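Q: Please take a close look at one thing for me: the empty space in this protein and the side chains packed around it. I'd like one connected walk-through rather than a list.

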Amino acid sequence: MLQVSPFLGYERPPAIRISFSTCVLGTVFLPLVGLTTCVLISSIFHFEDSTGTHCQVPNYLPSISAAISLEPEGNIWRFCIGLHSAPRFLVTFTYFRFYKGHFSSKFPESSLVFLNVAFSISENFGLLLLTYVSSNEKYLVHKEGFVLFIISSIIYMIITCRLWNTIKKFSLNPEDSKSYLWKVRLLILNISFCAFAVYFYVKHNLYCEQGSYTFFALFEYLVVLTNMAFHLTAVWDFKNRELILISPNEDKVF
């Protein structure tokens, strides 16, 4: 059972108990709601502004960067991402403790654990950077944040699949095998969608063909959705765990 508290011990019963699955769902639900809301508002109320391209060819879907650079879409997106960040870092820390318990003295997994947490933090930082610096404000900074997010997320997923390949070999829990299989499937889909998105983005910038940027936006959505689904597999990994939030107590040991 996971205990989250700034204290080393306590005498009174915990104040709040929260299923860890609820925390995981929150880290996925908030960005999903934010993304869906922003794309819908942009498509309905700001279609011309969100779908315009530099070469003026017809485009029928707003890219994520275009959707979150408008108002009120930008504020909605910032609110959802900002609210999900703390639980996201908590999930990262929980995975770190989980992996350390499995691979404390096993090489190369023990080293991969530190790389895993580093790229998880880097992924979240990239997401925060592209969120709070819109493409209309500082395009290059926004672009760097997006690239950091994508590269970090792919490397994080690869390392995670490598670690879970080892875990499921020695686990008798069928949930571990299911989690591993879905992680691998979502990793393959994510990389595939990312490759298609890059292809259509480059094609659009080189040839300005009609529909290329629309396909780029579509595959960009799929990249983000498969990323969310990958993180959602943590529900299986920590199915029976709880967060225990302990109320302040003057008798506690710091």
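A: What follows goes from the overall fold to the cavities, then to the aromatic rings and cores, and ends with the pockets.

Keep in mind that this is a predicted model. The chain has 9 helices and 2 strands, and in sequence order they run β-α-α-α-α-α-α-α-α-α-β. Of its 254 residues, 47% count as buried. Take the contacts between residues at least 6 apart in sequence: 78% of them join residues at least 24 apart.

Now for the holes. Rolling a probe the size of a water molecule over the atoms shows where empty space is left. Searching the whole structure turns up 2 cavities of 30 Å³ or more. The largest cavity holds about 300 Å³ of space. Its lining has 26 residues, and Arg 88, Phe 149, Asn 227, Met 228 and His 231 are the closest to its centre. Five helices, α1, α4, α5, α6 and α8, each put at least two residues into that lining, and α4 has the largest share with 7. By class, you get 16 nonpolar, 8 polar and 2 charged residues around this cavity.

Two of those central residues show up again next to Leu 127. Leaving out residues up to four places away in sequence, Leu 127 touches Trp 77, Ile 81, His 84, Arg 88 and Phe 149.

The second largest cavity comes in at about 30 Å³. Its walls are Thr 92, Tyr 95, Phe 96, Tyr 99, Val 113, Asn 116, Val 117 and Ser 120, with α4 and α5 each supplying at least two of the lining residues. Here the split is 5 nonpolar, 3 polar and no charged residues. While you're looking at α4, check Phe 93, which is found in that helix. Phe 93 is partly exposed, with a relative accessible area of 45%. Its C-alpha is 9.6 Å from that of Ile 121, a residue 28 places away in sequence.

Tyr 95, from the wall of the second largest cavity, is also a good way into the aromatic side of things. There are 15 aromatic pairs in the whole structure. In one of them, the ring centres of Tyr 95 and Phe 238 sit 4.8 Å apart with the planes at 65°, so the pair is edge-to-face. Tyr 95 belongs to helix α4 while Phe 238 is in the loop between α9 and β2, so this pair ties together parts that are 143 residues apart in sequence. Both partners are buried: Tyr 95 has a relative accessible area of 6%, and Phe 238 has 1%. Zoom out a little and ring pairs join Phe 20, Tyr 95, Phe 98, Tyr 99, Trp 164 and Phe 238 into a cluster.

What about the greasy packing? The largest nonpolar core has 26 residues, and those touching the most other members are Leu 35, Ile 64, Ile 68, Trp 77, Leu 127, Leu 130 and Ile 150. The helices giving two or more residues to this core are α1, α3, α4, α5, α6, α7 and α8, and the largest share, 8 residues, is from α8. There's also a second, separate core of 24 residues, with Phe 20, Val 113, Tyr 156 and Ile 159 among them.

That leaves the open spaces. The largest pocket has a volume of about 770 Å³. It is lined by 31 residues, with Ser 65, Tyr 139, Tyr 201, Tyr 213 and Phe 216 lying nearest its centre. Two or more lining residues come from each of α2, α3, α6, α7 and α8, and α6 gives the largest share, 7. The lining breaks down into 14 nonpolar, 14 polar and 3 charged residues.

The second largest pocket, with about 170 Å³ of space, takes you back to the ring cluster. Its lining includes Phe 98, Trp 164 and Phe 238, and those three are also part of that cluster. Other residues lining this pocket include His 102, Glu 175, Asp 176, Trp 236, Asp 237, Lys 239 and Arg 241. Helices α4, α7 and α9 are the elements that give two or more residues. The class split is 4 nonpolar, 3 polar and 5 charged.

Definitions and conventions: Residues are numbered from 1 along each chain as its sequence is written. This is a predicted model: local features need pLDDT of at least 70, side-chain atom pairs count only at pLDDT 80 or more; totals for chains, interfaces and linings use all residues. Side-chain values use heavy atoms; hydrogens and water are left out. On a 1 Å grid over the protein atoms alone, a cavity is a set of points where a 1.4 Å probe fits but cannot get out, and a pocket is an open set with protein on both sides within 12 Å along at least five of seven lines; lining residues have an atom within 4 Å of a point. Grid points are joined across faces, edges and corners, and a volume is the space filled by probe spheres set on the points. Helices (H or I, at least four residues) and strands (E, at least two) are DSSP runs, numbered from the N terminus. Ala, Val, Leu, Ile, Met, Phe, Trp, Tyr, Cys and Pro count as nonpolar, Asp, Glu, Lys and Arg as charged, and the others, Gly among them, as polar. A nonpolar core is a set of buried Ala, Val, Leu, Ile, Met, Phe, Trp, Tyr and Cys residues joined through side-chain atoms within 4.5 Å. Buried means under 20% relative accessible area, exposed over 50%, partly exposed in between (1.4 Å probe, protein chains only). Contact means heavy atoms within 4.5 Å. Rings of Phe, Tyr and Trp (its six-membered ring) pair if their centres lie within 6.5 Å; planes under 30 degrees apart count as stacked, over 60 as edge-to-face and the rest as tilted.
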